[in-house]
Amino acid sequence: MVNFVEAQKPLLHFLVRRAGLRQQSVEVEPGTVMSFWVPKDKVTKKKGPINNEIVPEGKSTYIQIPNENGKKTTKKERPAVVLVHGFAAEGIVTWQFQVGVLAEQYDVYVPDLLFFGESETNSKDRSPLFQAQCLIAALTRLGVRHCTVVGFSYGGMVAFKMAELNPDLVRSLVISGSVIAMTDSISDATLERLGMKSSAELLLPETVKGLKALQSQAMYKKIWFPNFLMKDYLEVMFNHRKERAELLEGLVISNKDATVPVLTQKILLLWGENDNLFKVELAMDMKEKLGEKTTIQTIDKAGHLVHLERPCRYNRLLKEYLATVTAED
């Protein structure tokens, strides 16, 4: 029987390829592989580490690209933007309305975090820190020297860790519907407000009813989908259930262990005004804690899935911010 969600993937992949991206797997370490969509001129068939010429700090970066006649032409390196997905879908599904728009001006990288898409590891570490370390290593192997990281929800927590670990790589951040770290108090308060017993109950639904509950909490607009389509989505997007449950367990830290990192990067908190999972008040509190380099923009009539509900408005604000930070670099 046809799975309609799976059947739409070739069309989505076709559109992403039209935007100039190609799939690439990167071996971070033996037993750990991350899958990406990357600019087509960055794809390599080499196995293991990708050797790239190191360009002195402050110099322009140029790459050699074959033209239609097979001859190499010189092209200035474009600013890199890394789009990091949340917990309910893999990268290209999460950012389907952003990739084409951004790829016109930027080198766009769309990773699948471990246990999403084709990314996997035999490591037992399930922390956001490990995800961040692997993503940094993979981007380095792909030749990315500096980038802006755009993180949504779970991906936002990974993005914060990346910025803390490697500020030279991560020059600026855009965060939507996320927190610096998921503490006991934030987790407990959110679950109590939503009437859920656990994060897994909310984020790893096993039934159509559970998926509809997640959709209802994540979106401002109540959009109806037929049950068969919701069932197909469950089958396609919620694999690696055991490992993802472990990711959720590894996400929460105690309040006493939580600290606000000193980040030197400019940060944009780009929020759905009606986000019911991570309230806009959380974003305002983060802005105060992160300091003067952090700004906040809210989008009305949008919930947690702000980039999907109001993509035109989201993309405009995102592009305005990217134009500013990349010009400074």
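**Core, salt bridges and surface**

User: Val-99: buried or exposed?
Analyst: Val-99 is buried, with a relative accessible area of 3%. Buried means under 20% relative accessible area, exposed over 50%, and partly exposed in between (1.4 Å probe, protein chains only). This is a predicted model: local features need pLDDT of at least 70, side-chain atom pairs count only at pLDDT 80 or more, and totals for chains, interfaces and linings use all residues. Residues are numbered from 1 along each chain as its sequence is written, and side-chain values use heavy atoms, with hydrogens and water left out.

User: Where does Val-99 lie?
Analyst: In helix α3, residues 99–103. Helices (H or I, at least four residues) and strands (E, at least two) are DSSP runs, numbered from the N terminus.

User: Which residues does Val-99 touch?
Analyst: Val-16, Ala-19, Leu-21, Leu-83, Ile-92, Val-108 and Val-110. That leaves out residues up to four places away in sequence. Contact means heavy atoms within 4.5 Å.

User: How many Å separate the C-alpha atoms of Val-99 and Val-236?
Analyst: 21 Å, with the two 137 residues apart along the chain. Val-236 is one of the buried residues of helix α9 (residues 227–237). The others listed there are Met-230, Asp-232, Leu-234 and Met-237.

User: What covers the buried residues of α9?
Analyst: The cover includes α1, α2 (91–94), α8 (208–218) and α10 (241–249).

User: On to the core. Which residues touch the most other members?
Analyst: Phe-36 and Leu-173, in the largest nonpolar core, which has 100 residues. A nonpolar core is a set of buried Ala, Val, Leu, Ile, Met, Phe, Trp, Tyr and Cys residues joined through side-chain atoms within 4.5 Å.

User: What does Leu-173 touch?
Analyst: Beyond four places in sequence, its contacts include Val-149, Phe-160, Leu-263, Ile-267 and Tyr-321. Polar neighbours are listed too, among them Thr-148 and Lys-266.

User: And Ile-180, where is it found?
Analyst: In the loop between β9 (170–176) and β10 (182–183). Ile-180 is buried, at 13% relative accessible area. Past four places in sequence, Ile-180 touches Met-157, Phe-160, Val-260, Pro-261, Met-286 and Leu-290. Phe-160 is also on the contact list of Leu-173.

User: Switching to charges. How many salt bridges does the structure hold?
Analyst: 11. A salt bridge is a side-chain nitrogen of Lys or Arg within 4 Å of a carboxyl oxygen of Asp or Glu.

User: Which residue does Glu-77 pair with?
Analyst: Lys-42, with the closest N and O atoms 3.5 Å apart. Glu-77 lies in the loop between β4 (72–76) and β5 (80–84), and Lys-42 in the loop between β2 (32–39) and β3 (62–66), so the pair ties together parts 35 residues apart in sequence. Lys-42 is buried, at 13% relative accessible area.

User: What about Arg-78 and Asp-107?
Analyst: Their side chains meet in a salt bridge, 3.4 Å from N to O. Arg-78 lies in the loop between β4 and β5 and Asp-107 in strand β6 (residues 107–111), so this pair ties together parts 29 residues apart in sequence. Arg-78 is partly exposed at 24%, whereas Asp-107 is buried at 3%.

User: Any example with partly exposed partners? Where does Asp-168 bond?
Analyst: Asp-168 forms a salt bridge with Arg-171, at 3.2 Å between the closest N and O atoms. Asp-168 is partly exposed at 41%, and Arg-171 is partly exposed at 25%.

User: Which residues do shared partners join into one network?
Analyst: Asp-41, Lys-42, Glu-77, Arg-78 and Asp-107.

User: Backbone next. What is phi of Phe-115?
Analyst: Near 75°, a positive value in a residue other than glycine. Most residues other than glycine have a negative phi. Phe-115 is found in the loop between β6 and β7 (120–121), and is buried at 4%. His-240 also has a positive phi, about 50°. His-240 lies in the loop between α9 and α10 and is partly exposed at 26%.

User: Last one, the surface. Which residues make the nonpolar patch?
Analyst: Val-2, Phe-4 and Phe-228 make a patch of about 300 Å². Patches use residues with over 30% relative accessible area and no salt bridge; like charges are joined within 9 Å, nonpolar side chains (Val, Leu, Ile, Met, Phe, Trp, Tyr) within 5 Å. Areas come from the Shrake-Rupley method with a 1.4 Å probe; for residues, only the protein chains shown count as cover. Phe-4 is found in helix α1 (residues 4–18) and is partly exposed at 40%.
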